[in-house]
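Work through the exercises below with the model open. Each task is followed by a stepwise solution.

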Amino acid sequence: MTTTVVPTNRAPEGGRMRPPGARAVKPRNAATLIIVRRDRQKPQVLMGKRHSGHDFMPNLWVFPGGRIDRSDFRAPFATDLRPDVAARFEAHIPMNRGRALALTAIRETFEEAGLLLAKQAPVRPLAGPWREFAAEGAAPDLEALEIVARAVTPPMLAKRFDTWFLMADAERLISLERKPDCGELEEIAWVDFDEAIALPLPSVTRMVIEEAIHRLDDPDRPRPFMRFGAGATRLSHL
């Protein structure tokens with residue numbers, strides 16, 4: 001696997017810097033979901049604005065997502081990952097963590113945007129973060145997911161994430177009608193890709209939007225793996 005070092009003069013956006021002399025923190029595993037809607041004249045993507053009170057990327061527009069939870073390792077699902085997606089995860093991380101990250105992206109999308117990437121299923125009693133999802137009579141549709149990119153935030157930040165960016169078609173949602181969300185995102189909007197690029201975005205989100213645009217035309221293109229550093233970005237592929 002070839003790694004390219006790309007110089008950058010960008011300062012990290014939206015995060016507290018770690019104290020001088022403090023050891024770099026280990027990135028937390030996270031996943032986010034790019035939902036593409038194709039029933040309009042131009043394809044649209046779901047974006048949300050982070051609350052001004054957040055200590056990580058406040059006031060910026062992002063895809064719904066968040067960090068992995070222990071419950072994501074044991075949550076039930078209606079369909080499993082496609083073999084090619086499972087293999088791509090397994091080439092870099094343990095398979096159980098890859099599936100858990102896929103479940104993270106679906107759970108967080110429900111919590112932040114009130115949308116269910118799922119199949120209808122019998123209501124079942126679950127405890128913890130999956131309780132409300134299961135109460136909707138839904139089980140995650142992992143088969144709908146594909147991997148777009150992976151990115152690790154810079155070591156100078158006090159809070160870091162190792163994030164997998166996943167994508168799915170909006171037609172795999174149970175409904176385009178949103179359930180009440182948890183309020184973690186101030187605004188939710190479907191916007192076309194040109195409108196999305198014009199929003200106040202973290203640089204990594206802008207890069208992934210551009211990648212998603214290319215992927216709509218060329219689904220087989222290499223998937224970028226970006227590791228952001230103090231003065232350069234190490235770019236390789238998954």
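**Exercise 1.** Leaving aside its neighbours within four places in sequence, which residues is R150 in contact with?

The model is predicted: local features need pLDDT of at least 70, side-chain atom pairs count only at pLDDT 80 or more, and totals for chains, interfaces and linings use all residues. Residues are numbered from 1 along each chain as its sequence is written, and side-chain values use heavy atoms, with hydrogens and water left out.

Step 1. Locate R150 in strand β8; strands (E, at least two residues) and helices (H or I, at least four) are DSSP runs, numbered from the N terminus.

Step 2. Apply the contact criterion, heavy atoms within 4.5 Å. The contacts of R150 outside that sequence window are H92, I93, D162, T163, W164, F165, P224, F225, M226 and L238.

Step 3. Check the accessible area: R150 has a relative value of 9% and is buried (buried is under 20%, exposed over 50%, partly exposed in between; 1.4 Å probe, protein chains only).

**Exercise 2.** Find the strands that pair with β9.

Step 1. Two strands pair if DSSP finds at least two bridges between them.

Step 2. β8 pairs with β9 in the antiparallel sense over six bridges; V152 has D162 as its bridge partner.

Step 3. β2 (residues 28-37) runs parallel to β9, joined by nine bridges. Here I35 is partnered with A168.

Step 4. Of the nine residues in β9, eight are buried.

**Exercise 3.** Which residues of helix α1 (residues 83-90) are buried?

Step 1. They are V85, A86 and F89.

Step 2. Seen down the axis of α1, the buried residues fall within an arc of 100° (taken from the directions from the helix axis to the C-beta atoms), so they line one face of the helix.

Step 3. These buried residues pack against α2 (95-113), β8 (146-152) and β9 (161-169).
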